[in-house]
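The following note sets out, point by point, what may be read from the structure shown here. Please keep the sequence at hand while reading.

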Amino acid sequence: DEAHLTELMNREPNWARLYERDFCEQLIHIGNHYDTLIKMPEAVTSIPRMMMFLAIIRPGKRHLIGLPWQEVAKTIWDATEDGYTFKKAHGCAYAHLVAVHINLLCEQEL
């Protein structure tokens, strides 16, 4: 229901669960990208980092895999030479969806 969704949205997710392969593979938008996730030198620990990770797994930004978030942030939202871009607004919406899904999966384990 709407109240439950609001509660899931307002709760800080347990970002560390992303680094458990079995858990990660269940997540919407992230499931098939565990191996890419662990190639990042710094953990995904926030919505902004999740936004950037979601952009990195798109074909036009794969060259940023393995770079620190500070470097990724410089060009992640720019269009590539072939015109590809992943909109920041989409990244934000998808990142919040992943956070809600983390919270829902954790809640269901209790």
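1. Glu7 is a suitable starting point in this predicted model. Its relative accessibility is 35%, so Glu7 counts as partly exposed, because that class covers values from 20% to 50%. Glu7 forms a salt bridge with Arg11, and the closest N and O atoms of the two are 2.5 Å apart. Arg11 is likewise classed as partly exposed, at 29% relative accessibility. The pair does not stand by itself: Glu7, Arg11 and Glu107 are linked in a network of salt bridges. A search of the whole structure finds seven salt bridges.

2. Arg17 deserves a separate paragraph. Is this charged residue buried or exposed? With a relative accessible area of 14%, Arg17 is buried. Its side chain meets that of Glu20 in a salt bridge, at 2.9 Å from N to O, and Glu20 is partly exposed at 36%. A salt bridge also joins Arg17 to Glu109, at 2.8 Å from N to O. This second pair links distant parts of the chain, since Arg17 lies in the loop between α1 (2–10) and α2 while Glu109 belongs to helix α6, 92 residues apart. Glu109 is partly exposed, with a relative accessible area of 48%. In addition, Arg17 lies over the face of Phe23, at 4.1 Å from the ring centre.

3. Leu18 also lies in the loop between α1 and α2. Its relative accessibility is 1%, so Leu18 counts as buried. Which residues does Leu18 contact, leaving aside its neighbours within four places in sequence? They are Phe23, Cys24, Leu27, Tyr34, Leu37, Val44, Met50 and Ile102. Leu18 and Ile38 are 20 residues apart in sequence, and their C-alpha atoms are 9.3 Å apart in space.

4. The next topic is the nonpolar core. In soluble globular proteins, nonpolar side chains tend to be buried together. Here the largest nonpolar core has 30 residues, and Met50 and Phe53 are those with the most contacts inside it. Five helices each supply at least two residues of this core: α2 (21–24), α3 (34–37), α4 (47–56), α5 (69–75) and α6 (88–109). Among them, α4 gives the most, with eight residues.

5. Helix α4 may therefore be examined further: eight of its ten residues are buried, so α4 is largely enclosed by the rest of the structure. The buried residues are Ile47, Met50, Met51, Met52, Phe53, Leu54, Ala55 and Ile56. What covers them includes α3, α5 and α6. At the N-terminal end of α4, Ser46 acts as a cap, with a side-chain oxygen 3.3 Å from the backbone nitrogen of Arg49.

6. Phe53 illustrates the surroundings of a core residue. Not counting neighbours within four places in sequence, Phe53 is in contact with Ile30, His33, Thr36, Leu37, Met40, Val44 and Trp69. One of these partners, Thr36, lies in helix α3. Thr36 has a relative accessibility of 10% and so counts as buried. Apart from residues up to four places away in sequence, Thr36 touches Phe53, Ile57, Arg62 and Ile65.

7. The last point concerns aromatic rings. How many aromatic pairs does the structure hold? There is one. Phe86 and Tyr94 form this pair, with 5.9 Å from centre to centre and 50 degrees between the planes, an arrangement classed as tilted. An angle of 50 degrees falls in the tilted class because stacked planes are under 30 degrees apart and edge-to-face planes are over 60. The two partners can be set side by side: Phe86 is buried, with a relative accessible area of 8%, whereas Tyr94 is partly exposed, at 28%.

Key
Residues numbered from 1 in each chain as written. Predicted model: local features only at pLDDT ≥ 70, side-chain atom pairs only at ≥ 80, totals over all residues. Heavy atoms only, no water. Core = buried A, V, L, I, M, F, W, Y, C linked by side-chain atoms within 4.5 Å. Buried < 20%, exposed > 50% of the residue type's maximum accessible area, 1.4 Å probe, protein only. Helix = DSSP H or I, 4+ residues; strand = E, 2+ residues; numbered from the N terminus. Contact = heavy atoms within 4.5 Å. Salt bridge = Lys/Arg side-chain N within 4 Å of Asp/Glu carboxyl O. Phe/Tyr/Trp six-rings, centres within 6.5 Å; stacked < 30°, edge-to-face > 60°. Lys NZ or Arg CZ within 6 Å of the ring centre and 35° of its normal. Polar contact = N/O pair within 3.5 Å; in protein donor to acceptor, adjacent residues only side chain to side chain.
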